Amino acid sequence: MIEALNEDLKRRTAELEMVNKELESFTYSASHDLRAPLIVASGFCRRLSEHYSEKLDATGKRYLLRIKESCQHMNGLIDDLLHLSKATSSSIKFKSVDLSHLAKSAAIQLKEAHPEREANFIIEEGLTVKGDSGLLKIAMENLLGNAWKFTSKAKWANIEFGLIKTIENKPAYFVRDNGCGF
């Protein structure tokens with residue numbers, strides 16, 4: 001009985017590894033195929049901005065800015081897809097991870113990438129958890145990046161990361177912002 005279960009487990013593990021490799025291959029191929037036209041669109045957007053911006057009225061300039069922002073957003077989505085693909089193909093290494101540090105690093109990256117934005121990050125100190133630091137970094141960057149994105153219309157963005165205790169007194173971490181959304 002145990003031998004049959006072990007054999008079944010080995011077979012399923014091999015199937016999962018094969019599916020993960022196929023998914024990783026598809027992700028790389030799809031990201032390359034998606035990025036090629038994006039590079040072309042970004043290049044033409046840059047050329048329009050450099051050579052014809054004085055000929056565009058306010059509406060044309062706004063359209064050009066929206067195209068540029070959409071290209072940047074799509075590029076970020078492609079990067080996220082590749083990060084996720086890499087995360088699923090590597091083994092998970094559990095260790096103590098400083099979530100507060102990850103949140104601060106993500107906040108600094110966002111502020112440096114967009115120095116024109118007024119934003120206040122409130123990050124609770126000393127929050128640690130057992131987990132895979134690489135996966136938690138991706139999760140934190142995505143969560144704070146979403147908060148950043150959805151507070152873009154706020155005059156002053158407030159983004160908070162912290163800890164609450166659940167009914168069973170287990171830790172629950174949160175990202176809260178004053179932007180649109182749920």
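I'll start with the largest pocket, which has a volume of about 1400 Å³. Its lining is made up of 29 residues, and those closest to the centre are His73, His114, Gly145, Trp148 and Lys149. The elements that each give two or more residues to this lining are H2, H3 and H4. H2 gives the most, with ten residues. Sorted by class, the lining of the largest pocket has eight nonpolar, eleven polar and ten charged residues. I should say at this point that what you see is a predicted model, not an experimental one.

Next, the enclosed space. How many cavities of 30 Å³ or more are there? The count is one, and about 30 Å³ of space lies in the largest cavity. The residues lining that cavity are Leu102, Ser105, Ala106, Lys137, Met140 and Glu141. Two helices give two or more residues each to this lining: helix H3, residues 99-113, and helix H4, residues 133-150. By class, the cavity lining has three nonpolar residues, one polar residue and two charged residues. H3 and H4 therefore appear twice in this talk, as they are also among the elements that line the largest pocket.

Now the charged pairs. In general, side chains of opposite charge can pair when their charged atoms come close. Over the whole structure, the search finds eight salt bridges. One I would point to is between aspartate 79 and arginine 35, where the closest N and O atoms are 2.9 Å apart. Which parts of the chain does this pair link? Aspartate 79 is in helix H2 and arginine 35 is in helix H1, residues 2-52, so the link is between distant parts of the chain, 44 residues apart.

On to the strands. Strand E4, residues 157-165, runs antiparallel to strand E5, residues 171-177, and seven bridges join them. Within this pairing, isoleucine 159 stands opposite aspartate 177 in E5. The hairpin of E4 and E5 has five residues between the strands. One of the residues to look at in this hairpin is asparagine 169, which takes a positive phi near 65 degrees.

Last, the surface. Which residues make the nonpolar patch of about 320 Å²? They are Ile92, Phe94 and Leu135. As for where isoleucine 92 sits, look in the loop between helix H2, residues 58-89, and strand E1, residues 95-98.

To go back over the main places to look: the largest pocket, with H2 giving the most to its lining; the one cavity; the salt bridge of aspartate 79 with arginine 35; the antiparallel strands E4 and E5; and the nonpolar surface patch.

Conventions:
Residues numbered from 1 in each chain as written. Predicted model: local features only at pLDDT ≥ 70, side-chain atom pairs only at ≥ 80, totals over all residues. Heavy atoms only, no water. Patch = residues over 30% accessible without salt bridge, like charges linked within 9 Å, V, L, I, M, F, W, Y side chains within 5 Å. Areas by Shrake-Rupley, 256 points an atom, 1.4 Å probe, with all protein chains shown as cover. Salt bridge = Lys/Arg side-chain N within 4 Å of Asp/Glu carboxyl O. Helix = DSSP H or I, 4+ residues; strand = E, 2+ residues; numbered from the N terminus. 1 Å grid on protein atoms, 1.4 Å probe; cavity = no way out; pocket = protein on both sides within 12 Å on 5 of 7 lines; lining within 4 Å. Points joined across faces, edges and corners; volume = space filled by probe spheres on them. Nonpolar A, V, L, I, M, F, W, Y, C, P; charged D, E, K, R; others polar. Pairing = 2+ DSSP bridges.
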